[in-house]
Structures are given as structure tokens and as C-alpha cells.
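This report describes a metal site and the ligand beside which its residues are placed. Please look at the structure first.

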Amino acid sequence: MIAPSILAADFGRLAEETAAVRGADWLHVDVMDAHFVPNLSLGMPVVKALLDSADIPVDCHLMVDDPDRWAVDYAEAGAYNVTVHVEAAADPVKLAANLRAAGAKAGLAIKPDTPFEPYVELLTHYDTLLVMSVEPGFGGQDFIPSVLDKVRAARRLVDRGELRVLIEIDGGINADTIEQAAAAGVDCFVAGSAVYGADDPAEAVTRLRRMAEAS
Ligand code: DX5
Ligand code: ZN
């Protein structure tokens, strides 16, 4: 699955930019609060506009403090998957249940330096695991290959039936990095610059998907 990240799109033409990737699997939307991460991006009013214009499922990645307070609003607004950071959540088990009760899939994100193993049990409450392959906060950064060890560890547990999460990767995914991520066992690839930086975003999605499938 390919999830173009709207962070790399032209914010003056969000409806057109959304339509430009209608062949993608999910539309990835990065919510940043200038507290959990140094950057500020967009919030609920813009997410609502994106939910209205997108005809593919919207994947909200919340890089915010106190997701226990804010995340359910995104689920109630109609996001398909709502991902919160384990480093920020106070009661991630309850939060996952609240997200699911509001009709969304529950996602748990881990930053590049956050280990995976301590959260295996917690992930039984979640539907997606988002492995950050850059420090969250900005698009256009270089992929950190060492996070693929976490992807491999998660893949093994999923393949053995001990975990039932979709494995998503976010940051620095492009034609040079997607194959190694696919070989490590990623199911869903977030790509910002590699899609919206291309002359033809739809073609970039198709090309990335083909590369992932071939690995
Ligand atoms: C970074 C965001 C990413 C970002 C990815 O904090 O979570 O989703 O948009 O952008 P690229 O693909 O350019 O690294
Ligand atoms: Zn993201």
C-alpha cells in the first residue's frame, strides 16, 4: 500500500492535490502541534476539508502532545486510521479502545530511537504500527535504515500470528529506499516528497507500488 503524505503537497490547492493521488491506498495527513515536534502543520479544520475532498481513506498521523485528549476527534470526524505516538500517549490501551469505538483503526507510532520490543503486548490493542524512519517533524529528510530491524521484528511476530498489525513506515521513502523497506516486511509506505515532488504524482504512486511489489 502507498500512502502519499499531504505535507509535501501545495497547501494552496489541497483538493486538487488530493485528487492527484486518487489511485493511492491511503492519504497520509501529518498533524503537528509545535510541541511534540518542533513544527506546526495543520489541524482539525483542514483535516475536515481533506476528509470531504478525499475519495480514499484518510490516515491521520498525530504528532501532538496529549493525544489522549485530541485523537478521538479525528476518528469521529471520519479518519480511517488514527495514529498516535507511544512517546506521547498517557493511556495508550484506553486510547486505542476509544479510537476503535469511534469507528477508526488505531495506530501506534514509534520514533527512530524508540525500541519496538517493550510495546509488543500493547500492540495487541492496535491495528497499525507506524515505524518512523526519520525524526518526526519535517518532510524531505533522509531515510534511517537501522529502523528496519524493528520492521523485521514486527514482521516475524505478524507472520507467526502473534501480532495482528499492519506495518507502516514513514519518512524518506522514495525509489532508492522503498525496496529495502519492502524486503524487511513493510505493508504500507508513506511517501511525501517522492510523490508530490514528482512531475506526475499519480505515476509516482504507481511506480513506488511496483517497486515494493517486486521486492
Ligand atoms: C514526518 C512526517 C512524514 C513526512 C514524510 O514527520 O510524519 O509523514 O511527510 O515526508 P517524506 O516522504 O518527504 O520523508
Ligand atoms: Zn507522517
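A polar contact is a pair of N or O atoms within 3.5 Å. The model is predicted, and three residues in it pair in this way with oxygen atoms of ligand 1. The table lists the distance from a polar side-chain atom of each residue to an oxygen atom of the ligand.

| Residue | Distance to an oxygen atom of ligand 1 |
|---|---|
| His 28 | 3.3 Å |
| Asp 30 | 2.8 Å |
| His 61 | 3.2 Å |

On its own, ligand 1 has 390 Å² of accessible area, and the protein covers 98% of that. Around the ligand there are 20 residues, of which Ser 5, Gly 137, Asp 170, Gly 192 and Ser 193 come nearest.

**The zinc site**

Which protein atoms are donors of the zinc ion (ligand 2)? They are NE2 of His 28, OD of Asp 30, ND1 of His 61 and OD of Asp 170, at 2.0 to 2.3 Å from the ion. The zinc ion has six donor atoms, and the angles among them run from 70 to 170°, making the site octahedral.

Along the chain, the spacing of the donors is H-x1-D-x30-H-x108-D. His 61 belongs to strand S3 (residues 58-63) and Asp 170 to strand S7 (residues 166-170), so this pair ties together parts that lie 109 residues apart in sequence. Both His 61 and Asp 170 are buried.

Asp 170 thus appears in two lists: it is a donor of the zinc ion, and it is among the residues that come nearest to ligand 1.

Conventions: Residues numbered from 1 in each chain as written. Chains lettered and ligands numbered in written order. Predicted model: local features only at pLDDT ≥ 70, side-chain atom pairs only at ≥ 80, totals over all residues. Heavy atoms only, no water. Donors = N, O, S within 2.8 Å, 3.2 Å for Na, K, Ca; no water. Tetrahedral: all angles 85-135°; square planar, octahedral: opposite > 155°, others 65-115°. Helix = DSSP H or I, 4+ residues; strand = E, 2+ residues; numbered from the N terminus. Buried < 20%, exposed > 50% of the residue type's maximum accessible area, 1.4 Å probe, protein only. Near = heavy atom within 4 Å. Polar contact = N/O pair within 3.5 Å; in protein donor to acceptor, adjacent residues only side chain to side chain. Areas by Shrake-Rupley, 256 points an atom, 1.4 Å probe, with all protein chains shown as cover.
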